[in-house]
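Trainee: I should like to request a close look at a single part of this model, the surroundings of the ligand. Please treat the matter as one connected account.

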Amino acid sequence: MPPDHDAARFAALLHQHRDHLKPGDAIPPAIVPAVVYHLPGSPEAPHQYGRFHNSGWTVLEEALGMLEGGPAVLFPSGMAAIAAVLYARLKAGDRVLLPSDGYYTIRALTERFLAPMGITWETRPTRGFADGGFEGFALVWLEVPSNPGLDVCDIPAVAAAAHQAGALVVADTTTLTPLGLRALDLGVDVVVAADTKAINGHSDALMGHVATRHTAMLEAVRLWRKFAGAVPGPFEAWQVRRGLETLEVRYERMCRNALAVAQLFSGHRAITALRYPGLPGDPAHNLARAQWNGFGFMVSATFSDEAKAEKFLSGCRYLAQSTSFGGVHSSGERRARWGDAVAPGFVRLSLGIEPTSALLAEFSRALDAL
Ligand SMILES: Cc1ncc(COP(=O)(O)O)c(C=O)c1O
């Protein structure tokens, strides 16, 4: 599914460190749970202290940087990566534009902690994000596609208009991963992502990263990590690196399963509204086809009411009832239970790597039982 240059990049990622290996070295990178390093005399050394460096972070940062097309800095969660960008960049008097329909915690963080420090903020829906222009914003934040509504905006057009107005453009591309969307190539200044989701893929470690080609921004988020102490654990970095090795095959199966499930849902009597950018009639389809690789692994389906939605979620054996997304197991939840501005019967589904025919048979049985 990924175009040739992505395929070559992913193959290279799997053999990234071969040139550094000596005979007898382990092929998988080591976990180094060190806080202190041998540091006699001058402290100039590649590793000095556990909050400054870890060889396991570096290995994963190099891999993520290769996929993003720009240097990456690792953080212990997606929110830690998001917070690093906001705190490293913003100052009192700055104005920020956030998506009104994106992941809610960034708005909560801004309201609770940034606004009292003199930062003002506004929100706008992702669809039509450029309407109203970007004059006066220091920072413009995109989430593509928006989570959970799966709406999109034209990234190069937004980036160009926001740059014209003097803003820094940041994109959260968690739901697509860099295999699905290389936002730096589309003109965005900074990418953030929760590697907790599909990059790790096994729902057993939190992680996040920032990627940027802007030297000053890169330096600022690195310093933020060092001074604020938001550092990943060596074991979690190792887990996520191992997960990343299979991302390409997982992503392909997950996208295929999402399309198959969306086609099954489309027109079914139990579903009142459906969003999947891979469906030709979906409002996001044309932009997604032009700017992404694949159409992602998330489907948003609305059932007539809360009870029907809950019956489907609990009645479908191949659906983990959990929050979050991007795992090898298909999962789903009603987003209204967290306060998202969606209908009570709105369900966000994340499709996993189950064999497509078995998944479809079970989804079909659970739907028909409603
Ligand atoms: C789009 C998006 N960005 C960021 C995050 C935050 O990631 P984490 O839970 O790793 O902090 C999430 C979490 O659900 C998310 O959905």
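Which helix gives the most to the shell around the ligand?

Mentor: The model is a predicted one, and the account below should be read as a description of that prediction. Helix α3, which spans residues 78-89, gives the most to the shell around the ligand, with 3 residues. The shell as a whole consists of 14 residues, and the closest of them are G78, M79, D172, T196 and K197. By class, the shell around the ligand divides into 6 nonpolar, 5 polar and 3 charged residues.

Several oxygen-centred distances describe how the ligand is placed. An oxygen atom of the ligand is 2.8 Å from a polar backbone atom of M79. For N147, the partner is an N or O atom of the side chain, at 2.9 Å from an oxygen atom of the ligand. For T196, the partner is likewise an N or O atom in the side chain, and the distance from a ligand oxygen atom is 2.6 Å. The protein covers 91% of the 390 Å² of accessible area that the ligand has on its own.

The space taken by the ligand is the second largest pocket, which holds about 360 Å³ of space. This pocket is lined by 23 residues, and M79, Y103, A194, K197 and F325 lie nearest its centre. M79 and K197 are also among the closest residues to the ligand. Among the elements, α3 and β6 (190-194) each supply at least two residues of the lining of the second largest pocket. The classes in that lining are 10 nonpolar, 8 polar and 5 charged residues.

The backbone around N147 also merits attention. N147, whose side chain has an N or O atom 2.9 Å from a ligand oxygen atom, is joined to P148 by a cis peptide bond with omega of about 20°. A further cis peptide bond runs from V144 to P145, with omega near -15°. P145 lies in the loop between β4 (139-143) and α5 (155-164), and P148 has its place in the loop between β4 and α5 as well. As general background, most peptide bonds are trans. Elsewhere in the backbone, T177 has phi near 65°, a positive value in a residue other than glycine; T177 has its place in helix α6 (residues 177-180).

For context, the pocket that holds the ligand may be set beside the other spaces in the model. The largest pocket contains about 490 Å³ of space. Of the 21 residues that line the largest pocket, H17, I27, P28, P29 and V59 are the closest to its centre. The elements that give two or more residues to this lining are α1 (4-14), α2 (55-68) and α8, and α2 gives the most, with 4 residues. The lining of the largest pocket has 12 nonpolar, 6 polar and 3 charged residues.

A search of the whole structure also finds 3 cavities of 30 Å³ or more. About 50 Å³ of space lies in the largest cavity. Residues lining the largest cavity include P29, I31, N54, W238 and R241, and helix α8 (residues 234-244) provides the largest share of that lining, 4 residues. The lining of the largest cavity has 7 nonpolar, 2 polar and 1 charged residues. P29 thus appears in the lining of the largest cavity and among the residues closest to the centre of the largest pocket.

Note on methods. Residues are numbered from 1 along each chain as its sequence is written. This is a predicted model: local features need pLDDT of at least 70, side-chain atom pairs count only at pLDDT 80 or more; totals for chains, interfaces and linings use all residues. Side-chain values use heavy atoms; hydrogens and water are left out. A residue is near a molecule or strand if one of its heavy atoms lies within 4 Å of it. A polar contact is a pair of N or O atoms within 3.5 Å; within protein, one must be able to donate a hydrogen and the other to accept it, and residues adjacent in sequence count only if both atoms are side-chain atoms. Accessible areas come from the Shrake-Rupley method with a 1.4 Å probe; for residues, only the protein chains shown count as cover. On a 1 Å grid over the protein atoms alone, a cavity is a set of points where a 1.4 Å probe fits but cannot get out, and a pocket is an open set with protein on both sides within 12 Å along at least five of seven lines; lining residues have an atom within 4 Å of a point. A molecule sits in a cavity or pocket if more than half of its atoms lie within 2 Å of its grid points. Ala, Val, Leu, Ile, Met, Phe, Trp, Tyr, Cys and Pro count as nonpolar, Asp, Glu, Lys and Arg as charged, and the others, Gly among them, as polar. Grid points are joined across faces, edges and corners, and a volume is the space filled by probe spheres set on the points.
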